Amino acid sequence: MSSPELKIQNLAVAFSTPTGKLVAVNDISFHLNPGETLALVGESGCGKTVTALSILRLLPEPPAEILSGKIIFDGRDLLSLHAKALQDLRGRSISMIFQDPMTCLNPVLTVGEQIAETLLRHTTMDRREAMQKSIDLLSRVELPSPQEKLRYYPHQLSGGMRQRVLIAMALACTPKVLIADEPTTALDVLTQAQIINLLGNLKKETGMSILIITHDMGVVAETAERVLVMYAGEIIESGPTDALLKNPFHPYTKSLIASIPKSGAAKKPGARLEEISGNMPSLDQRPSGCPFHPRCSWAMETCKTQNPQLRKVEAQRQVSCHLELGSL
Ligand code: SF4
């Protein structure tokens, strides 16, 4: 088996606040295989975006602080790289796309200027070559009339078109890893499906690995080969997508899946994680023991004091819960 494209080991991230340090990501480890799509799923505030931003050191430090861990890419620990080396790597070897493309695009530059800027920064192309390549990239992300769209400003495009532009920018230097943070959340259902298809096709074409951050189990079912479920800054279950969706072990994962609308809606982007009773605890109100215990129908006395460890339960499957498998 080939070695992972990206390996996160014991990552812990905290934020400094007037009342002390609050841990947002608590000692998580995972890897992304070459050519794989891995989904990091959970409700808002579970730490998934903090994890994604930490990989590229995009969190402002302070208030953020990486407490421990390693992020291994291409044989190097990204957490020990200097700012210049990180800057070279971002957008060239590892790219990221976000939920709201409007906030990532410069409103006063045309689409062509913005894609060309990425190419000029990371390649030896001259301006004319960069503009030509920008047209190719816009065609690859299936933007209609790419030559004409090159001259458009972001506000002249729809949300879906802007996300395509952002994907084109992310792919400009053929990265090995694409991190997609809620890439379809701001889009209507039809456009969501188109963007998901596009990402799948581009992955096949380029062989890149994708880490997709989502709260949407429909997106998980459509895109990912493997899933990591996060809760209160920890990975509480992981496994191959089909097996995990069919037979979840952790009560939280069960609730997430049960909350998906029935009649095959789980397979459609837009099926959201809703209707789980209670809320994700805020960083300053993390419960003792298993952080899910105030919301868990199966909670026992032990759960209130002891946080279960993530343990292997089947080939490629892990879960952190005090319950014996099959007792739910
Ligand atoms: Fe529920 Fe206890 Fe398992 Fe946590 S450890 S998920 S509280 S049964």
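Is Pro294 buried or exposed? I started my notebook with this one, and Pro294 turns out to be exposed, with a relative accessible area of 55%. That clears the cut-off, because exposed means over 50%. A reminder to myself before going on: this is a predicted model.

**Entry 1: around Pro294**

I placed Pro294 in the loop between α11 and α12. I then looked up its separation from Ala193, which is 101 residues away along the chain. The C-alpha atoms of the two are separated by 35 Å.

**Entry 2: aromatic rings**

I stayed with that loop and turned to ring pairs. The structure holds three aromatic pairs. For Tyr252 and Phe292, I noted ring centres 5.2 Å apart and planes at 65°, so this pair is edge-to-face. Tyr252 belongs to helix α11 (residues 251-258), while Phe292 is in the loop between α11 and α12 (301-305), so the pair ties together parts that are 40 residues apart in sequence. Both Tyr252 and Phe292 are buried. Ring pairs also bring in Tyr231, which forms a cluster with Tyr252 and Phe292.

I checked for charges over rings as well. Arg317 has its charged end over the ring of Phe249, 3.8 Å from the ring centre. Lys149 does likewise with Tyr152, at 5.5 Å from the centre.

**Entry 3: cavities**

How many cavities of 30 Å³ or more does a search of the whole structure find? I got three. The largest has a volume of about 100 Å³. Its lining is made up of 14 residues, and those closest to the centre are Cys290, Cys296, Cys303, Cys321 and His322. By class, I wrote down eleven nonpolar, three polar and no charged residues for this lining.

The second largest cavity has a volume of about 40 Å³. Its lining includes two residues of the ring cluster, Tyr231 and Phe292. Also among the lining residues are Glu234, Ile236, His250 and Cys290. The classes here come to six nonpolar, three polar and one charged.

**Entry 4: strand β10 and its partners**

Next I followed β10 (residues 234-240). Six of its seven residues are buried, so the strand is largely enclosed by the rest of the structure. Strand β9 (residues 226-231) runs antiparallel to β10 and is joined to it by six bridges. One bridge I looked up has Arg226 partnered with Pro240 in β10. The two strands form a hairpin with two residues between them, and Ala232 in the turn has a positive phi of about 45°.

β10 also pairs with strand β12 (residues 317-319), in the antiparallel sense and over two bridges. There, Glu237 stands opposite Val319 in β12.

**Entry 5: the four-stranded sheet**

I then read off an open sheet of four strands, in the order β2-β1-β4-β5, with antiparallel pairing. Its edges are β2 (20-32) and β5 (76-77); each has a single partner strand, so one side of each is left without a neighbour in the sheet. For β5, the pairing with β4 (residues 64-73) is antiparallel and rests on two bridges. In this pairing, Phe73 stands opposite Arg76 in β5.

**Entry 6: α1 and the loop after it**

Helix α1 (residues 48-55) is mostly covered, with seven of its eight residues buried. Among the buried ones are Lys48, Val50 and Leu53. Arg57 follows α1 and has a positive phi near 50°.

Which peptide bonds did I flag in this stretch? Glu61 and Pro62 are joined by a cis peptide bond, with omega about -5°. The bond from Pro62 to Pro63 is cis too, with omega near 10°. Pro62 lies in the loop between α1 and β4, and Pro63 is found in that loop as well. I flagged them because most peptide bonds are trans.

**Entry 7: positive phi between α5 and α6**

Last, I looked at the loop between α5 (127-140) and α6 (146-149), where Glu142 is found. Glu142 has a phi near 60°, a positive value in a residue other than glycine. At 46% relative accessibility, Glu142 counts as partly exposed. Ser145 is also in the loop between α5 and α6. Its phi is positive, about 45°, although Ser145 is not a glycine. Ser145 is partly exposed, with a relative accessible area of 39%.

Note on methods: Residues numbered from 1 in each chain as written. Predicted model: local features only at pLDDT ≥ 70, side-chain atom pairs only at ≥ 80, totals over all residues. Heavy atoms only, no water. 1 Å grid on protein atoms, 1.4 Å probe; cavity = no way out; pocket = protein on both sides within 12 Å on 5 of 7 lines; lining within 4 Å. Points joined across faces, edges and corners; volume = space filled by probe spheres on them. Nonpolar A, V, L, I, M, F, W, Y, C, P; charged D, E, K, R; others polar. Phe/Tyr/Trp six-rings, centres within 6.5 Å; stacked < 30°, edge-to-face > 60°. Buried < 20%, exposed > 50% of the residue type's maximum accessible area, 1.4 Å probe, protein only. Lys NZ or Arg CZ within 6 Å of the ring centre and 35° of its normal. Pairing = 2+ DSSP bridges.
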